[in-house]
Amino acid sequence: MAKYQHVRVPDEGERIQAQDGRLVVPDRPIIPFIEGDGIGRDIWRATKLVLESAVEKAYGGRKKIVWMELYAGEKAQRVTGEVLPQETLEAIREFKVAIKGPLTTPVGSGFRSLNVTIRQALDLYACVRPIRYIPGVPSPVKHPEQVDFVIFRENTEDVYAGLEWERGTPEAKRLMEFLRDEFGVQIRPDSGVGIKPISEFGTKRLVRKAIQYALQNKRRRVTLVHKGNIMKYTEGAFRQWGYELAAEEFPEVTITEAELWEEHDGRIPEGKILINDRIADIMFQHVLTRPKEFEVIATPNLNGDYLSDACAAQVGGVGIAPGANLGDELGVFEATHGTAPSHADKDEANPTALILSGVLMFEYLGWPEAARLIREALARTIQQKRVTYDLARLMEGATQLRTSEFAQAVVENMDAVLAGAPTP
Ligand code: NAD
């Protein structure tokens, strides 16, 4: 019996495997994609063209992606009758790396959010969001080029764990009675109630990933962002466990801020990574006023959600902000933005965020040549002021392109990059 009912596994291509926590990527990997709802259809088509062209041009036909469609969201409901078929999750588990467009969570589908469900079901515990400026993109700050952070947001815990009960329900009442009877805690009876779990296990695996990333990518600072001055046993514990993890597992390569000043006169010594921490509220000020002080940021779920969108604004907004959701073996790559329904099927949305998510996927696969080619071709296209409506309206003298035309322009620019043409 076929393993999958709606998913058609291609005849060509090979599976990506995981061995001892490392990916083994064949030259013709089968990569699942979820097209996404709303603008997903337009931006996925554009992204697919750019990713395929980059692989073809960077490797001269030696490598090729073999795509495999998976269903989620409105399309899944049409094709399979369910918004998130179990086999979609199984196929991501089997094929290890996937890319997805944004999804609508239909009201009454029984899901709070399909995206949160996918991340939690697959234990994709780190949401990784690089915030980097592409020269030429309109930005609301004076020095967007000073912004170059990678945010590691915890993805499975915190107030996002779904432990929340509506006001007036028997569950909310029982919980409040329990808290009153056992702990003497009084909560107003007309309250909804939520629980915020943050564990040592969840914190340490996130901070471990952030430090490993810093080591692999030659970054010098990892900042723990928390609200531990108020929420001492959740956010404060996140800070404490983060420092503990660095001291336990990376003692040779990390130093704390106290050591930095006491022993090194404020300069990070060669071969070391500074582990420091900042309280979340001041962090929102610091990313604006001292962006050069931050490189890798590790933070609980809710802080990370707010901070990634705020930082994305500094470099041009969510239309260009990519993301990756990573577990120990699995990786699902997706744009930060949603389905922008008013722009759906008009061939006008900006595909940059999903294209850059594909770039992150190539870096994750160990295909840096294709990744670099896209980054440079994208930068050229934007510097030529050939952009979609969202950027065109903020740039003087821009040529407004459709989604599909923008993708074509990026592909054309790959040839210019390969020919070594100077950037305009
Ligand atoms: P949104 O990101 O879809 O749109 C916010 C604004 O940004 C809109 O004004 C839109 O015009 C603009 N925008 C977003 N992406 C753009 C792009 N690529 N090009 C040009 N303009 C772009 O956020 P929303 O309106 O809050 O949410 C709409 C739907 O998306 C909701 O159903 C929500 O649940 C869903 N959503 C999904 C994801 C995901 O799949 N990861 C993330 C966020 C929201």
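**Figure 1. Asp265, an exposed residue in a loop.** Asp265 counts as exposed because its relative accessible area is 57%, and exposed begins over 50%. This close-up, like the others here, comes from a predicted model. You can find Asp265 in the loop that runs between α8 (257-264) and β12 (273-279). Look at its backbone too: the phi angle is positive, about 55°, although Asp265 is not a glycine.

**Figure 2. Ala340, another residue with a positive phi.** Ala340 is not a glycine, yet its phi is positive, at about 35°. The loop that holds Ala340 lies between β15 (331-335) and α11. How accessible is Ala340? Its relative accessibility is 31%, so Ala340 counts as partly exposed.

**Figure 3. An edge-to-face pair, Phe149 and Phe294.** Searching the whole structure turns up nine aromatic pairs, and one of them is shown here. A pair of aromatic rings is described by two things, the distance of the centres and the angle of the planes. For Phe149 and Phe294 the centres are 6.4 Å apart and the planes stand at 80°, so this pair is edge-to-face. Where in the chain do the two residues sit? Phe149 belongs to strand β7 (residues 148-154), while Phe294 is in the loop between α9 (280-289) and β13 (296-299). The pair therefore links distant parts of the chain, 145 residues apart. Both Phe149 and Phe294 are buried.

**Figure 4. Aromatic rings with other company.** Three residues, Phe33, Trp44 and Trp67, make up one aromatic cluster. Rings can also be viewed together with charged side chains. Lys63 places its charged end over the ring of Tyr59, 5.3 Å from the ring's centre. In a second case, Arg153 lies over the face of Tyr160, and the distance to the ring centre is 5.1 Å.

**Figure 5. Asp37, buried and without a salt bridge.** Asp37 is found in the loop between β3 (30-34) and α1 (40-59). Which side chain of opposite charge is nearest to Asp37? It is Arg41, 4.8 Å away. A salt bridge needs a nitrogen and a carboxyl oxygen within 4 Å, so at 4.8 Å Asp37 and Arg41 do not form one. Asp37 is buried all the same. Its side chain does have a polar atom 2.9 Å from the backbone nitrogen of Thr104. Setting aside neighbours within four places in sequence, the residues in contact with Asp37 include Ala72, Gly73, Glu74, Lys75, Pro102, Leu103 and Thr339, along with Thr104.

**Figure 6. Glu94 and its two partners, Lys3 and Arg15.** Side chains of opposite charge can pair when their charged atoms come close. The structure has 31 salt bridges, and two of them meet at Glu94. In the bridge between Lys3 and Glu94, the closest N and O atoms are 3.0 Å apart. This bridge links distant parts of the chain: Lys3 is in the segment before β1 (17-19), Glu94 is in helix α3 (residues 86-95), and 91 residues separate them. In the bridge between Glu94 and Arg15, the closest N and O atoms are 2.6 Å apart. Arg15 is also in the segment before β1, 79 residues from Glu94. Which of these residues are buried and which are exposed? Glu94 is buried, with a relative accessible area of 19%, whereas Lys3 is exposed at 56%. Arg15, at 34%, counts as partly exposed.

**Figure 7. More salt bridges, from a pair to a network.** Glu235 and Lys196 join their side chains in a salt bridge of 2.8 Å, N to O. Here too, distant parts of the chain are linked: Glu235 is in helix α7 (residues 235-249), and Lys196, 39 residues away, is in the loop between β9 (193-194) and α6 (200-216). Glu235 has a relative accessibility of 1%, so it counts as buried. Elsewhere in this view, a network of salt bridges links Glu200, Lys204, Glu244 and Glu248.

**Figure 8. Trp367 and its surroundings.** Trp367 sits in the loop between α11 (352-365) and α12 (368-383). With a relative accessible area of 2%, Trp367 is buried. Val55 is 312 residues away along the chain, yet the C-alpha atoms of Trp367 and Val55 are separated by 8.6 Å. Leaving out neighbours within four places in sequence, Trp367 is in contact with Val55 and with others, among them Val25, Pro26, Asp27, Pro29, Tyr59, Lys63 and Phe362.

Technical notes:
Residues numbered from 1 in each chain as written. Predicted model: local features only at pLDDT ≥ 70, side-chain atom pairs only at ≥ 80, totals over all residues. Heavy atoms only, no water. Phe/Tyr/Trp six-rings, centres within 6.5 Å; stacked < 30°, edge-to-face > 60°. Helix = DSSP H or I, 4+ residues; strand = E, 2+ residues; numbered from the N terminus. Buried < 20%, exposed > 50% of the residue type's maximum accessible area, 1.4 Å probe, protein only. Lys NZ or Arg CZ within 6 Å of the ring centre and 35° of its normal. Lys, Arg positive; Asp, Glu negative; His and termini not counted. Polar contact = N/O pair within 3.5 Å; in protein donor to acceptor, adjacent residues only side chain to side chain. Contact = heavy atoms within 4.5 Å.
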